[in-house]
Amino acid sequence: MAKASSEPLSLDWGFGLPDEVFALPEAELDAQVRYDDDLCQWGDRYFIRCILPVPLKGQDDYFGWGAWAEVEAEVFQRYLDLYEEDGREEPLHPAKLANRLAPYPGTTLGTRLLIQFQTPDERPTLTLLEGDKSRLAEEQREGIDAARHHEILAVLEG
């Protein structure tokens with residue numbers, strides 16, 4: 001009989017770069033892209049690393065996708081302006097998801113969403129649009145149960 005693991009389930013999954021940037025050959029990446037753990041600029045395209053939270057049902061916690069959002073130059077600049085300040089009072093800004101989240105059918109790449117700036121020690125958060133009928137949007141609104149949490153991790157770690 002297999003012994004049950006006492007290891008807690010992972011509560012996040014992060015991406016080092018936007019998918020299109022990650023796919024660049026190393027020489028192009030080094031020559032064309034400016035990036036760190038929080039920000040990425042590739043030509044006239046701008047990306048901010050964020051958290052897309054999906055609540056865990058029955059818990060006061062969430063599974064956090066450490067995903068990149070593509071934003072307009074003005075939003076990127078505004079984020080830089082507020083980088084050391086509390087940006088939670090800032091209005092929501094439009095963005096597009098810059099990573100493919102494997103556990104979701106079709107592609108999440110390019111999904112329209114909203115970015116909300118946070119305090120200087122927190123990544124901005126992403127919220128899918130109200131009218132979005134995708135499984136990801138539904139799960140962000142309603143949360144996921146333990147079985148779905150296991151399923152997501154199995155896809156990611158598989």
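**View 1. Glu-151 and Arg-135 meet side chain to side chain in a salt bridge, with 4.0 Å from N to O.** This pair ties together distant parts of the chain: Glu-151 belongs to helix α5 and Arg-135 to helix α4, and their positions lie 16 residues apart in sequence. Keep in mind, here and in the other views, that this is a predicted model. How exposed are the two partners? Glu-151 counts as partly exposed, at 38% relative accessibility. Arg-135 is partly exposed too, with a relative accessible area of 37%.

**View 2. Zoom in on Glu-151 again, and a salt bridge with Arg-148 comes into the picture.** Here the closest N and O atoms are 2.5 Å apart. Both residues sit in helix α5, and because they are three residues apart, about one helical turn separates them. Is Arg-148 buried or exposed? Arg-148 is buried, with a relative accessible area of 6%. Step back a little and you find a network of salt bridges that links Arg-135, Glu-139, Arg-148 and Glu-151. As a general point, side chains of opposite charge can pair when their charged atoms come close.

**View 3. Arg-88 and Asp-86 make another salt bridge, with the closest N and O atoms 2.6 Å apart.** Neither end is buried: Arg-88 is partly exposed at 44% relative accessibility, and Asp-86 is partly exposed at 41%. How many salt bridges turn up in the whole structure? The search finds nine.

**View 4. Helix α4 covers residues 135-142, and its buried residues are Leu-136, Ala-137, Glu-139 and Gln-140.** They lie on the same side of α4, because the arc they cover around the axis is only 165°. What do these buried residues pack against? Their partners are four strands and a helix: β5 (52-55), β6 (62-66), β8 (93-97), β10 (125-128) and α5 (146-157). Look just past the end of α4 and you reach Gly-143, which takes a positive phi of about 90°.

**View 5. In helix α3, residues 73-81, the buried residues are Val-75, Phe-76 and Tyr-79.** Around the helix axis they span an arc of only 100°, so they end up on the same side of α3. Which elements do they pack against? The list is made up of strands: β3 (39-42), β4 (45-49), β7 (68-71), β8 and β9 (112-116). Strand β8 may ring a bell, as the buried residues of α4 pack against β8 as well.

**View 6. Lys-57 sits in the loop between β5 and β6.** With a relative accessible area of 48%, Lys-57 is partly exposed. Which residues does Lys-57 touch, once its neighbours within four places in sequence are set aside? The contacts are Glu-142, Gly-143, Ile-144 and Asp-145. Gly-143 is the residue with the positive phi just after α4. To get a feel for distance, try Gln-116: Lys-57 and Gln-116 are 59 residues apart in sequence, and their C-alpha atoms are 23 Å apart in space.

**View 7. Cys-40 and Cys-50 are both in view, but Cys-40 is in no disulfide.** Why don't Cys-50 and Cys-40 bond? The sulfur of Cys-50 has its closest cysteine sulfur in Cys-40, and at 12 Å that is too far for a bond. The count for the structure comes to zero disulfides. Both cysteines are out of reach of the surface: Cys-40 is buried at 0% relative accessibility, and Cys-50 is buried at 0% too.

**View 8. Pull back to the whole protein, and you can pick out five helices and ten strands.** Its radius of gyration is 17 Å, close to the 15 Å that the globule rule gives for 158 residues, so the protein is as compact as a globular protein of that length. The C-alpha trace spans about 55 × 40 × 30 Å along its principal axes. Of the 158 residues, 42% are buried. Among contacts with a separation of 6 or more, 57% are between residues 24 or more positions apart. As for the outside, the protein exposes about 9,400 Å², and carbon and sulfur atoms supply 49% of that area.

Terms used: Residues numbered from 1 in each chain as written. Predicted model: local features only at pLDDT ≥ 70, side-chain atom pairs only at ≥ 80, totals over all residues. Heavy atoms only, no water. Buried < 20%, exposed > 50% of the residue type's maximum accessible area, 1.4 Å probe, protein only. Helix = DSSP H or I, 4+ residues; strand = E, 2+ residues; numbered from the N terminus. Arc of directions from axis to C-beta. Contact = heavy atoms within 4.5 Å. Rg over C-alpha atoms; globule rule 2.2 N^0.38 Å. Areas by Shrake-Rupley, 256 points an atom, 1.4 Å probe, with all protein chains shown as cover. Disulfide = S-S within 2.5 Å.
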